[in-house]
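Student: I'd like a close look at one part of this model. Could you pick a single side chain and walk me through its surroundings?

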Amino acid sequence: MSRIFSGIQPSGSLHIGNYLGAVKNWAELQHKYESFFCIVDYHAITVPYEPADLRARTADMALGLLAAGLDPSKCTLFVQSMVPEHTELAWIFNTLTPLGELERQTQFKEKASREESVPAGILNYPVLQAADILLYRAELVPVGEDQLQHLELSREIARKWNARFDPPPSHEGVGAENAGHRRSFFPEPKGLLTPARRIMGLDGQAKMSKSLGNTVELLEDPKSIWEKLRPAVTNPKRVRRTDPGTPEVCNIYHLHKAFSPPTTVEHVATQCRTAGWGCIDCKKVLHESMEKELAPIRARAAEIAANPAKMRKDLANGAEHARSIASGTMSEVKKKMGLT
Ligand code: SF4
């Protein structure tokens, strides 16, 4: 069974953009792959933060992930700072990574152009990401297209480390019987592209994001969801109830595609194109579909929240399993590098 690794920032509660864009997919992948899912709190401290707030956000994220379907008996769910080997391997990779490559990363360039003083942690962020993945020698990483550049850097770091510290024995040259069959110590991780689910915010302007205030929370109550859906942006061509619309350009239609069954999605498209119903009717149907999926998640979250000791135990068990793999990787890495 191939091994996968993916991380998520401890941003607090999950919103439906996180859920549809990543976590729902993880809940399916855990049945097909040996899965490691990590709440990456070391990545979160590259920006100013309050310690008590970070702790609370980490706990909220763990609760959201478990409620959304991650099952500790099927996957390894843990918090990054509970496995110190992540930063240990990151330091080693820092010694192999050219500064120029880090400075070329799009996310760094964006942040550096906005801020007067950028912490070195932001520059080295992709090196820690490479360590996160390679520590478990994961072959696959579920990613969105915007993360492919960082994954390419992880692949390069793996190649570089393998070439320097795990070169093939000289008898494996051209013509050797087993040439090409030897597995390098670090696999070059490949992206497992998540089915394109770039969920727009309810303003229809930008990707759903907490900082833009355009989210629907995964655990939000139905009344509050409706209060957000009712005024949400739709196809601007539908000024009057009798104006036919183009569903493909409407965010509500895309949410139907994520939450409603195919027959309903077809019905929505027809009703929209023929002005068979108004946008409020359309949103009411969406609200019902969302409720079908989100109500069981809320119920699971309530159960988990009622037993915080069990959640702490699940995370501790996840970290213990992760460490058993991570420490094995580190002892091999140190041996090959002449470290004690
Ligand atoms: S009817 Fe539905 S899909 Fe069409 S514009 Fe209105 S909300 Fe969007």
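Tutor: Let's start with Arg298, whose side chain reaches the backbone oxygen of Glu220 at 3.3 Å. That fits the cut-off for a polar contact: a pair of N or O atoms within 3.5 Å, where, within protein, one must be able to donate a hydrogen and the other to accept it, and residues adjacent in sequence count only if both atoms are side-chain atoms. Before we go on, keep in mind that this is a predicted model, where local features need pLDDT of at least 70 and side-chain atom pairs count only at pLDDT 80 or more, while totals for chains, interfaces and linings use all residues. Residues are numbered from 1 along each chain as its sequence is written, and side-chain values use heavy atoms, with hydrogens and water left out.

So where does Arg298 sit? You'll find Arg298 in helix H12, which spans residues 279–305; helices here are DSSP runs of H or I, at least four residues long, numbered from the N terminus. Arg298 counts as buried because its relative accessible area is 19%, and buried means under 20% (1.4 Å probe, protein chains only).

Now look around it. Setting aside neighbours within four places in sequence, Arg298 is in contact (heavy atoms within 4.5 Å) with Leu218, Leu219, Glu220, Pro222 and Glu291. Leu218 also turns up beside Ile16: leaving out neighbours within four places in sequence, the contacts of Ile16 include Leu218, Met290 and Leu294.

For comparison, try Asn235, in the loop between helix H9 (222–229) and helix H10 (251–259). Asn235 is buried too, at 5% relative accessibility, and its side chain reaches the backbone oxygen of Thr246 at 3.4 Å.

Definitions and conventions: Helices (H or I, at least four residues) and strands (E, at least two) are DSSP runs, numbered from the N terminus. Buried means under 20% relative accessible area, exposed over 50%, partly exposed in between (1.4 Å probe, protein chains only).
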